[in-house]
Amino acid sequence: MEYVVAAIVIAVIALGAAGTFLITRVRRRELPPQADRGAGTISPPAEKESEAEGPVTTAERPTGTGAPAPPTEELDLVEPPTPTLERPAPAEGRLVRLRSRLARSQSALGKGLLAMLSRDRIDEDTWEEIEDSLLSADVGVGPTQELVERLRTRVRVEGVASPEQAREILRSELLHLVGTDLDRSVHADRTATNPAVVLVVGVNGTGKTTTCGKLARVLVAEDKDVILGAADTFRAAAVAQLATWGERVGVPTVRGPEGGDPASVAFDAVKAGVEQESDVVIVDTAGRLHTKTGLMDELGKVKRVIEKQAPVSEVLLVIDATTGQNGLTQARVFAEVVDVTGIVLTKLDSTAKGGIIIAVQRELGVPVKLVGLGEGADDLAPFAPEEFVDALLAD
Ligand SMILES: Nc1nc2c(ncn2[C@@H]2O[C@H](COP(=O)(O)OP(=O)(O)OP(=O)(O)O)[C@@H](O)[C@H]2O)c(=O)[nH]1
């Protein structure tokens, strides 16, 4: 009898346990998968998500829509820890901190000139050497002749009695050439009704996506609410690359289908920025050769379509400093199509041709606003003429 009672008790316990297990399995399946809840992107509904689901937003974005549903109480599910967001360093004074990165430009453009100008006797050969070194640093013919003329006059009138005096003359003349009175701020302040829109353009591989990511960090460090628009639908990796930059600092990325219409992604990104009352939307575009008319027309279209939502506050042309004079040709063509308002000169850490800063400003009449000094996340520096010239002449 006792055996019979024991067997019945064991059977009841076993049935109860099996029932609980099945209910838990069913409820678990009802929750969205983890990956979907933390995708870090906003996909335009018409293109990727069904109308009913709406846009997918990042779980990292505190003000975003579509936050994950809280798990049912009965389930003992442990939420994964919220990924720690990076706190980017403020951009102020970066040129000073990163001045050692200008080592190559420094020896070609600054130190070399200084050594020549400090000679006991400055003869015609020396002036020719000075001219050559400016030309080989890509300062450009016009600005080189102008600088040499001004230096000649000052040396003749004032004389160069000491290396300190040579440095002072060179410093002020280089500053004059680079320009100290241009507005070099990136216009990234929202108006009463719209976010600022920064459109980033340039030829392939110049560093556009990287610049978008680094710029987002600069703006996050200024407590700005940023949205990234991955309008480089041509290169799938660029979209993922941009989204990763954003995820690291809690900035959502609006993306469309691979090979989709870049203008439509740019439109959706700015629309999201308007609806979410963001401070700034940064739109990355595909690299395009300035010689390909169709692609350049497409860029004009991207800008026009964005402007149906909000005015474009800044068009940043990204130029790879190592490409030298070719960068100038690119600049000219891009400026015709999209009205460039600022230049980002990347890879300045990898070239002796720092003079391109002067040449490109002259060519376009548009200021260099940012310079790339490395591949690190915080290696994008606001361009400050005094800091730059002092770095070139540093001991
Ligand atoms: N040394 C150095 N490398 C840089 C700098 N900026 C960007 N890069 C590198 O340049 C390469 C190209 O950068 P991307 O941002 O992918 O270039 P992109 O213009 O978006 O490329 P496409 O979309 O193909 O046109 C990457 O390896 C970057 O790390 C810089 O200031 N210095």
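1. For the ligand shell, take a residue as near when its C-beta atom, placed from the backbone, lies within 6 Å of the molecule. This is a predicted model, so keep that in mind throughout. On that basis 22 residues surround the ligand. The closest are Gly-207, Thr-209, Thr-210, Gly-287 and Gly-372.

2. What is the shell made of, by class? Polar residues number 12, next to seven charged and three nonpolar ones. Helix 8, residues 208–221, gives the most to the shell, with three residues.

3. On the domain layout: the protein chain splits into domain 1 (94–178) and domain 2 (196–393). Their C-alpha centres are 31 Å apart. Contacts between the two involve 28 residues of domain 1 and 28 residues of domain 2.

4. Which helices feed the side of domain 1 that touches domain 2? Helix 3 (94–97), helix 4 (103–117), helix 6 (141–158) and helix 7 (163–178) each put in at least two residues. By class, that side of domain 1 has 16 nonpolar residues, along with five polar and seven charged.

5. Ala-359 deserves a look too. You'll find Ala-359 in helix 13, which covers residues 356–364. Is Ala-359 buried or exposed? Ala-359 counts as buried because 23 C-beta neighbours lie inside 10 Å, and the cut-off for buried is 20 or more.

6. Who does Ala-359 touch, beyond neighbours within four places in sequence? Its contacts are Asp-138, Val-139, Gly-140, Pro-143 and Leu-328. Val-274 is another matter: 85 residues away along the chain, with 37 Å between its C-alpha atom and that of Ala-359.

Methods. Residues numbered from 1 in each chain as written. Predicted model: local features only at pLDDT ≥ 70, side-chain atom pairs only at ≥ 80, totals over all residues. Helix = DSSP H or I, 4+ residues; strand = E, 2+ residues; numbered from the N terminus. Buried ≥ 20, exposed ≤ 12 C-beta atoms within 10 Å, placed from the backbone. Contact = placed C-beta atoms within 7 Å. Nonpolar A, V, L, I, M, F, W, Y, C, P; charged D, E, K, R; others polar. Domains from an automatic or database assignment.
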